[in-house]
Amino acid sequence: MAAAQRIAQLRAELERHNHAYYVLDAPIIPDAEYDRLFRELQTLESLHPELQTPDSPTRRVGGKVLDGFASVRHAVPMLSIRTETDTEASGATNFDTRVRNALGEHAGEIEYACELKFDGLAINLRYVHGLLVQAATRGDGETGEDVTQNVRTIHCIPLHLNDCHADVLEVRGEVYMSRRDFNRYNEKQRELGLPTLVNPRNGAAGSIRQLDPALAAKRPLSFFAYGLGEVKGWTLPATHGGILDALQSFGMPVCADRAVVRGAKELADFHQHIAHKRDALPFDIDGVVYKVNSLALQKELGFVSREPRWAVAHKYPAEEQLTVLRDIEIQVGRTGKLTPVAKLEPVFVGGTTVSNATLHNEDEIRRKDVHIGDTVIVRRAGDVIPEVVGVLAERRPANAKPFNMPASCPVCGSHVVREEGEADARCTGGLFCAAQRKQAILHFAGRRMMDIEGLGDKLVDQLVDENIIRSLPDLYRLDVATLAALERMAEKSAQNIVAALEKSKQAQLNRFLFALGIRHVGETTAKDLARHFGKLDAIMQAAPEQLLQVPDVGPVVAQSIVDFFAEAHNREVVQQLRELGVHWQEHEGVSDQVLPLSGKTFVLTGTLASMSRDEAKSRLEALGAKVAGSVSKKTDCVVAGTEAGSKLDKAHELNVPVWNEQQLLDELEKQVNRT
């Protein structure tokens, strides 16, 4: 294309975008795309000064654990918090409304602690009697990486806490790299002809996860504390704000940009205040965090889907870029969900090069009118998966193709179904589908399922990739020799895994059911099924109307269970597991009888000598009791072991009966004998 023709085209396009942005307040393209077009025009005009004109837009001022790190099992899971994607003030109102609805009319105006959402790497610091003994990454929330040596190189993290007398205090926060330190580091790297860092967040994460602490020490990192993990021997303040004040008094760095506010309006004001100063902050953030300030109200609100009801991350608008969608591929998840993935012309957005983005589901593709070959807007915010948020239909080529969801799974060939009212299509292959194999195994081995210690992502990847494991029963065919022959696997580690597999054979029916990964059957539903039917065969043979008799099991869940066990390959997996020695205690079921502790609510606190709290919870639930996480007026009994803390104090305050461990054992034995 001739320079004069291209210059004229660029000027017309830029003026059109200027009008849309400044006059209509309806921008058509992201800022980054506008800047690219503007720079192209500047370059052409500089190369062809004879074509410059006074009316050109350029003349106008516009208004998974790395190998080498030990695993750390978090005593208290590092859970994620819900994200409020509405970036306007209504996002704050949405959260406040949910909190007040959950607490009821008595709650009144709620007090909140407001903080920044740092764009770094979450870290758990474990202090024992005030001394830093361990630092671990979040990992999958249950298990992280031991990065103690690297964290010790961060000078603002105290190795010893001031005037902290807690037996154990786990401090949680964010490791980050300031913009100034990031720029200085990159300048030095460029001077030395060495690679530079992509952005501050990657700089922080990459530094902490360096296998060589000497290299990590060369990268300037900082830290802000924002919460707690496990605590022993320290009485917590009454509020989250009080916790941050206490941590600051111990010598922990706590961000000064925080506030305690009341009600939705003040939440929105904080969000707007930080938005105005966001670019001037010395570090990157991608939003703010709201937390109910009262710890008592936090306990009352509790959790949903392993996310706290009492906290939310309120994001700011995400970064966007334009690119071309080259193809749409289908990704199959652990539960069989088919997710369309956009294969993109690589584009730099949000601090990284993106070549894949989620399209969510078929309905979203239709709603956004996405065609293969389109120029699309890609958004990437923080660490979330990049997504296609829009299409520039005006740039659609003549050969663009619409997308159709396949009728068969692209991996195993099983039939694809879409349940009524569901947005997602799913493969019916279940445990048979190879694409679901790794995640099915990891789910099966999880802590709250079969609890197979040591069977993590890296090992499962090797076992599946090398065709050693093709289905769940193959786990129990593993031997020490096979495992020890794998890369980076010592004989002692192999022995430990075989021992963990052997131990897991003595299972509980509810955990086994949950481990199978049946669609819609979570931990609670699995317990209800096991309690109601008592035997696996009864569940496998149950008709929908029989399943509907189980508390909280509706038509969708019932049909999902029926469909799962109707598949021959799923029944075969269960049969093989039984033949390999996986077993559990069974009973006649309780569908027609009232359990001895039905209607009673227990709370467990402290350490029990004769059993774990999980075991005590299971035994109480087997007798019909509900085991809650916090003490209230509705609590019937608190069981207190050694080192019982605030829950015991709350029980005394509310005059709730308190049992010691022996009283619990006596009651369990008495009730079992009765049944």
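## A buried aromatic pair

Let's start with phenylalanine 95: its relative accessibility is just 1%, so this residue counts as buried. This is a predicted model, by the way. Tyrosine 112 goes down to 0% relative accessibility and counts as buried too.

These two belong to a set of 15 aromatic pairs. The ring centres of phenylalanine 95 and tyrosine 112 sit 5.6 Å apart, and with an angle of 50° between the planes the pair is tilted, since edge-to-face would need over 60. Phenylalanine 95 belongs to helix H3 (residues 90-103) and tyrosine 112 to strand E3 (residues 111-118), so the pair links distant parts of the chain, 17 residues apart.

## Another pair, and a cluster

Phenylalanine 444 and phenylalanine 512 make an edge-to-face pair, at 6.5 Å centre to centre and 80° between the planes. The first of these residues is in helix H12 (residues 437-445), the second in helix H16 (residues 509-515), so this pair ties together parts that are 68 residues apart in sequence. Phenylalanine 444 has 0% relative accessibility and counts as buried; phenylalanine 512, at 0%, counts as buried as well.

Rings can also join up in a group: Phe118, Tyr176, Phe224 and Phe283 are linked by ring pairs into a cluster.

## An open parallel sheet

Now for the later part of the chain. Here an open sheet is built from four strands, ordered E24-E23-E25-E26, with parallel pairing. Strand E24 (626-628) and E26 are its edge strands, each pairing on one side only. Between E23 and E25 there are four bridges, in the parallel sense. If you want a spot to look at, phenylalanine 602 has cysteine 637 in E25 as its bridge partner.

Two helices lie across this sheet. H22 crosses E23 and E24 and runs at about 170° to E23. H23 lies across E23, E25 and E26, at about 135° to E23.

## The buried side of H23

Which residues of helix H23 (residues 646-654) are buried? They are Lys647, Leu648 and Ala651. Their arc around the axis is only 100°, which puts them on the same side of H23.

What do the buried residues of H23 pack against? Their partners are strand E23 (601-605), helix H22 (613-622), strand E25 (637-640) and strand E26 (658-659). Right after H23 comes asparagine 655, with a positive phi near 60°.

Notes: Residues are numbered from 1 along each chain as its sequence is written. This is a predicted model: local features need pLDDT of at least 70, side-chain atom pairs count only at pLDDT 80 or more; totals for chains, interfaces and linings use all residues. Side-chain values use heavy atoms; hydrogens and water are left out. Rings of Phe, Tyr and Trp (its six-membered ring) pair if their centres lie within 6.5 Å; planes under 30 degrees apart count as stacked, over 60 as edge-to-face and the rest as tilted. Buried means under 20% relative accessible area, exposed over 50%, partly exposed in between (1.4 Å probe, protein chains only). The arc is that of the directions from the helix axis to the C-beta atoms. Contact means heavy atoms within 4.5 Å. Two strands pair if DSSP finds at least two bridges between them. Axes are lines fitted to C-alpha atoms, for helices over the stretch in contact, and angles run from 0 to 180 degrees between N-to-C directions.
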